[in-house]
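Please open the structure in your viewer and keep the selection tool at hand. The tour below moves from one selection to the next, and at each stop it says what you can find there.

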Amino acid sequence: MPDSSSLSRRTLVKGMGALPLAAALGNSGIVRAQNRTKVIVIGAGLSGLNAALLLEEQGVDVQVLEGRQRVGGRVLSHRDVPGNPESGGTSFAPGYARLMDACKRFNVGTIDVTPIVPFFNDRELVLDGKLVPKDQWPTHPRNPFPAALRQSTPWSYLNPVIGKNNPLKTADAWLDPANAKYDVSLHQWLTSLGISEDVIELCWNTNPNFGTTAHDVSAMMVLFGATFAMMQAQLGGRTFGYTAVGGNQAIPEAMANGLKTPVRFGCNVTGIRSTSSGTEVHCADGAVHKADFVISSLPMTVLRRVHLDPLPTGLKGLAINTLASQPVNMLHLVIKKPFWEEDGRNPNIFSDGLAGMVVAERKGRTPKEITSLTIWVRGRNATWMDTLEPKDAIAAIMDDFYRVRPAAKGKVEPKAYHSWYRDQFSAGDWAVWAPGQVTAFAGEVGKPLGRIHFCGEHTAVSNRGMEGAMESGERAAFEVLGLV
Ligand SMILES: Cc1cc2nc3c(=O)[nH]c(=O)nc-3n(C[C@H](O)[C@H](O)[C@H](O)COP(=O)(O)OP(=O)(O)OC[C@H]3O[C@@H](n4cnc5c(N)ncnc54)[C@H](O)[C@@H]3O)c2cc1C
């Protein structure tokens, strides 16, 4: 294998910014370790852990390298807040076969969240900083719905429209070239159905699940999500879904404990090289790890900061450098007193302000017990919040929340804040496919680059979220098993 220093300076400068260069080069003079394994898995999220477990089961020597000091990646439970609310992967359905199997295998208990769903769907509406009483909504000047549907709420209006018009019948149909015509902006697709600008603005752009507005997400991605949700609902029957006992992070923790070779923490990968005879993984602290093959689970927004040798070109290069991630920030509030008993309103809120979605967490003994509040900040608001330092972002969100719910002042306390975009190991939340990107390179994201293989939710074919991550880890493990 050629020495690290044989990388040409020109290639490196082209491939990455100046700061991590020395670390990626491995010529900083502090190459600390030369550990050789059969396979290195980068990232101890669900996808990487699933890949590592499957390989170990087949007798392959695997080392998982993780940049953080914890496992779970985008699954993050706050054990310092009552009820262990989630900042990441929130719930999973009975049809998440791989994840359910991992819970069973590693003795992680599950909690049926079906009884809390009706509470979750009931919310106060806040527009222009003011609460809109339910009985005033049908005649409210900002109600954009057609006459027969003016009782509809902004958070429930679009899903049936998307479901009714969804042409994708199977979960992998989003990759079928026959459906390429739906790889246009969600805005374009919705307007083609006669949905008005006002409806799109209120029902999608205010608290978007994908993208910052309906303009920067492909309708195909939304349709894939809808098909997946529909199939999960069919598989789940009367059960909506589960969370894990101790918080969902208990799942990746138990999976990591099931590994023979423990995860190595604090390995911030800055470079990956593949040659004809092996691979090198370079970390920010100067350590170099060697293996026959690498499986990278890094989201594209992170991977594009890592120096790859060979440089990814063509559609693979386009995918790594342009696939976006959802901006989402989470703020968890501890409750000192139930202020909603004072103002007589539901603690749940859907708002066009900064505190876009307030969710009363019901993780106590009965669904009626509210254990904490979670504020979701999404899309344009999250992008704006990310220009602020966390303490200023928290203050801005709380100001907005108190303006709407003055009774909450002194009765709640912000306890945990997480910006997924400002987190260097995520650089955003779930992958967001922009218009045209599905047809351009969805078939490429999971393909190997030399001896470097890829997993992660963004490479999943038939599943989304946590189950998509598990699916992708399985696929990458089988790819490598065929080679070792
Ligand atoms: C707010 C939110 C809500 C969600 N809700 C749901 C839900 O209800 N249901 C659902 O199914 N899914 C949900 N998801 C999505 C789900 O959590 C993710 O799709 C899934 O956990 C992704 O797993 P992964 O292994 O692909 O990636 P990750 O979990 O991101 O794993 C990648 C790993 O790589 C590590 N890493 C990154 N960079 C480096 C580096 N340079 N060097 C070394 N290590 C590195 C990271 O620390 C991480 O551990 C949600 C996510 C969020 C954030």
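What follows is a walk through a predicted model, beginning with its domains and ending with single residues.

**Stop 1: the domains**

Begin by colouring the protein chain by domain, taking residues 4-73, 247-324 and 436-481 as domain 1, residues 114-143 and 327-419 as domain 2, and residues 150-200 and 219-236 as domain 3. Now show the place where domain 1 meets domain 3, a contact to which domain 1 gives 10 residues and domain 3 gives 12 residues.

**Stop 2: the interface of domain 1 and domain 3**

The size of an interface is often given as the accessible area lost when the parts come together. For domain 1 and domain 3 this buried area is about 1000 Å², with 66% of it on carbon and sulfur atoms. Select Val-438, Val-461 and Arg-464, since together they supply 55% of the area that domain 1 buries against domain 3, which is more than any other three residues supply. If you colour the domain 1 side of this contact by residue class, you will find four nonpolar, five polar and one charged residues facing domain 3. Between domain 1 and domain 3 the count of salt bridges is zero, although four residue pairs are in polar contact across the interface.

**Stop 3: salt bridges elsewhere**

How many salt bridges does a search of the whole structure find? The search finds 23, and the next selections show some of them.

Select Asp-292 and Lys-38, which form a salt bridge whose closest N and O atoms are 3.0 Å apart. The pair joins distant parts of the chain, for Asp-292 lies in strand 9 (residues 288-296) and Lys-38 lies in strand 1 (residues 34-42), 254 residues apart. Asp-292 counts as buried because its relative accessibility is 15%, a value under the 20% cut-off, whereas Lys-38, at 35%, counts as partly exposed. Add Arg-36 to the selection, and you will have a network of salt bridges that links Arg-36, Lys-38 and Asp-292.

Next, select Asp-423 and Arg-68, whose side chains meet in a salt bridge with an N to O distance of 2.5 Å. This pair too links distant parts of the chain, with the two positions 355 residues apart: Asp-423 is in the loop between strand 16 (412-419) and strand 17 (431-432), while Arg-68 is in the loop between strand 2 (62-65) and helix 4 (97-105). Are these partners buried or exposed? Asp-423 is buried, with a relative accessible area of 11%, and Arg-68 is buried as well, at 9% relative accessibility.

For a pair within one helix, select Arg-475 and Glu-479, where the closest N and O atoms of the salt bridge are 3.0 Å apart. Because they are four residues apart in helix 17 (residues 465-481), about one helical turn separates them. Arg-475 is partly exposed, with a relative accessible area of 25%, and Glu-479 is partly exposed at 23%.

**Stop 4: Glu-467 in helix 17**

Stay in helix 17 and move to Glu-467, which is buried, with a relative accessible area of 1%. Leaving aside residues up to four places away in sequence, Glu-467 touches Tyr-96, Ala-97, Arg-98 and Leu-99.

**Stop 5: helix 10**

Now select helix 10 (residues 250-257), where six of the eight residues are buried, so the helix is largely enclosed by the rest of the structure. Its buried residues are Ala-250, Ile-251, Pro-252, Ala-254, Met-255 and Ala-256. To see what they pack against, display helix 3 (46-57), helix 4, strand 6 (242-244) and helix 17.

**Stop 6: Ser-274**

Go on to Ser-274 in strand 7 (residues 269-274), a buried residue with a relative accessible area of 12%. Its side chain reaches the backbone nitrogen of Arg-451 at 2.8 Å. Beyond residues up to four places away in sequence, the residues that Ser-274 touches include Thr-279, Asp-309, Pro-310 and Leu-449.

**Stop 7: an exposed loop residue**

Finish with Asn-107, in the loop between helix 4 and strand 3 (110-112), which counts as exposed at 70% relative accessibility. From there, draw a distance to Leu-483, 376 residues away along the chain, and the C-alpha atoms will be 32 Å apart.

Methods:
Residues are numbered from 1 along each chain as its sequence is written. This is a predicted model: local features need pLDDT of at least 70, side-chain atom pairs count only at pLDDT 80 or more; totals for chains, interfaces and linings use all residues. Side-chain values use heavy atoms; hydrogens and water are left out. Domain bounds come from an automatic or database domain assignment. Contact means heavy atoms within 4.5 Å. Buried area is the accessible area (1.4 Å probe) that two parts lose on being put together, summed over both. A salt bridge is a side-chain nitrogen of Lys or Arg within 4 Å of a carboxyl oxygen of Asp or Glu. A polar contact is a pair of N or O atoms within 3.5 Å; within protein, one must be able to donate a hydrogen and the other to accept it, and residues adjacent in sequence count only if both atoms are side-chain atoms. Ala, Val, Leu, Ile, Met, Phe, Trp, Tyr, Cys and Pro count as nonpolar, Asp, Glu, Lys and Arg as charged, and the others, Gly among them, as polar. Buried means under 20% relative accessible area, exposed over 50%, partly exposed in between (1.4 Å probe, protein chains only).
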